[in-house]
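Hi,

Here is the structure I promised to pass on. Have a look at it first, and then read my notes below.

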Amino acid sequence: MYRLVGIENDFWRPILFSTQKISTFFANMVHEMIGIGIVGYGYWGPNLVRNFASSESASVIGVSDLDAAKLSTCMRRHPEISTTSDFRELLSNPRVDAIAIATPVHTHFELAQAALKAGKHVLVEKPLAQTSDQVRRLVDEADRRGLTLMVDHTFLYTPAVQKIRELMLQDQLGEVYYYDSIRSSLGLFQSDVNVIWDLAVHDLSIIQYLLDEDPIAVSATGSCHVAGSPENMAHITMFFESKCVAHVSVNWLSPIKVRQTFVGGSKKMVVYDDLEPTEKIKVYDKGITLNAQAENAHQMRIGYRAGDMWAPHISTKEALQTEVEHFVECVTTGATPVSDGLSGLRVIEVLEAASRSIAEQGKPVKLDPRRRVADRVKAIA
Ligand SMILES: NC(=O)c1ccc[n+]([C@@H]2O[C@H](COP(=O)([O-])OP(=O)(O)OC[C@H]3O[C@@H](n4cnc5c(N)ncnc54)[C@H](O)[C@@H]3O)[C@@H](O)[C@H]2O)c1
């Protein structure tokens, strides 16, 4: 019955509005639903509102934004949701169990910490905060209070990335040799973060999710073409203890939008094009074979294997719908989210190392994988 909120027909709106309001009220009274407050109704916030509003286990209680025009848009689309320019009203509302934060990155820490201190579970947009120190403080705060802290690493919840992970868990790709990704488009230029904190964060979270190991070093270069703005294009290379290497290229100054990832394995290779409407993933049974019989170094030892290509069926379910359902389930059951605070921390540590490397024209910066493995053990326990 809560799905009615998404219907756009104005004739039905008043009826749907009252149905939703009454249902939400009673459901909250008997604690059937998780009450959600959303802070930030700019570009991404409306997607959170729409997906939480269509969830059967959540009810959007209120939305906060500093911009009155954004709140008017929200009221027009969702008349049943209350709005406020002061997010503290959401914190003091006992019907709000959890807060989702979709504001600019420099505000994440302060808002998330205030929400946790008010006893609310928290979902924060990527990247979780501006520094690893801030993330550690959020993780500690959530742990101490027994609250869920999750970061919106949306791509982990896409059917495409989940399918690649499934193929890897089934060892269909073999040993992973590389992850190579291009994520470029014309904009959107951000003022408070550079392109790696905006776009590469997606790849770093995917790499962390797909690979069994953390990078041991990162090297990055970046360029800025707008005076006074942060870097708008960057190239990051991540090194691992295994043969695997990951390369991520991100650019806000590209004539076309590209979202392409190659995962090369010893058995098969995957091409993932997120802009493809249907066949987002193609699995190629291609690779090389080494000829051990070669009698001397002058003989060609490399053979090429060119087998079939197939495009596995993947669901069309919106990633954010899967994600908000996962968040609500974690809040309800106390389970650890896939993209919990510690996974957010590991991503931020790589972003910080990449930023240091950019400042030193690509000088590799070492990472300490042992510490992060310890973090992960803590997260599972
Ligand atoms: N997961 C994804 O794929 C994805 C995509 C886009 C953006 N994002 C993330 O979402 C976040 C927001 O990005 P955006 O593009 O929507 O930004 P935006 O600037 O379009 O919107 C941010 C909104 O937050 C409001 N705001 C700022 N401070 C506030 C406060 N204290 N209280 C209430 N409202 C406040 C602003 O008025 C604005 O409307 C960023 O962290 C960004 O990285 C995630």
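Let me begin with one residue pair: I288 sits opposite Y304 in β14. Please keep in mind that this is a predicted model. The pair belongs to β13 and β14, which run antiparallel and are joined by 7 bridges. On to another partner of β13: strand β12 (residues 269-273) pairs with strand β13 (residues 281-290), again in the antiparallel sense, over 4 bridges. There, M269 stands opposite Y284 in β13.

Zooming out, these strands are part of an open sheet of 9 strands with mixed pairing, and the order is β14-β13-β12-β11-β7-β10-β9-β8-β15. The edges are β14 (302-310) and β15 (365-366); each has a single partner strand, so one side of each is left without a neighbour in the sheet. Elsewhere in the sheet, strand β7 (residues 176-186) and strand β11 (residues 253-265) run antiparallel and are joined by 9 bridges. If you want a landmark there, L186 has L253 of β11 as its bridge partner.

A helix packs on this sheet too: α8 touches β7, β8 (217-223), β9 (233-239) and β10 (245-251), and its direction makes about 150° with that of β10.

That helix has helical company as well. As a reminder, two packed helices are described by the angle between their axes and the distance between the axes. For helix α8 (residues 195-210) and helix α10 (residues 341-359), the axes come within 10 Å and cross at roughly 125°. That makes α8 oblique to α10. The crossing of α8 past α10 is right-handed. On the α8 side the contact uses I196, W197, V201, L204, S205 and Q208, while α10 brings S343, R346, V347, V350, L351 and A354. Sorted by class, the residues of this contact are 8 nonpolar, 3 polar and 1 charged.

Then there is helix α7 (residues 159-169), which packs with α8 at an angle of about 30°, the axes being 10 Å apart. α7 and α8 are therefore roughly parallel to each other. Here too the crossing, of α7 past α8, is right-handed. In this contact V161, I164, R165 and M168 of α7 meet I206, Y209 and L210 of α8. The classes come out as 6 nonpolar, no polar and 1 charged for the contact of α7 with α8.

Now for the other sheet. What is the order of its 6 strands? They form an open sheet with parallel pairing, ordered β3-β2-β1-β4-β5-β6. β3 (82-84) and β6 (149-152) are the edge strands, each with a single partner strand, so one side of each has no neighbour in the sheet. On average, neighbouring strands of this sheet are turned by 25° against each other, direction ignored. At the β3 end, strand β2 (residues 58-64) and β3 pair in the parallel sense over 3 bridges, and S64 has T84 in β3 as its bridge partner. Helix α2 (residues 45-53) packs on the sheet and touches β1 (34-39), β2 and β4 (98-101); its direction makes about 155° with that of β2.

Last, the ligand. Which residues are closest to the ligand? They are G40, G42, Y43, W44 and E125, out of 23 residues that surround the ligand. The shell around the ligand divides into 9 nonpolar, 7 polar and 7 charged residues.

Cheers

How values were computed: Residues numbered from 1 in each chain as written. Predicted model: local features only at pLDDT ≥ 70, side-chain atom pairs only at ≥ 80, totals over all residues. Axes fitted to C-alpha atoms, helices over the stretch in contact; angles between N-to-C directions. Helix = DSSP H or I, 4+ residues; strand = E, 2+ residues; numbered from the N terminus. Parallel < 35°, antiparallel > 145°, perpendicular 65-115°, else oblique. Left-handed = near helix turned anticlockwise from the far one by under 90°. Contact = placed C-beta atoms within 7 Å. Nonpolar A, V, L, I, M, F, W, Y, C, P; charged D, E, K, R; others polar. Near = placed C-beta within 6 Å. Pairing = 2+ DSSP bridges.
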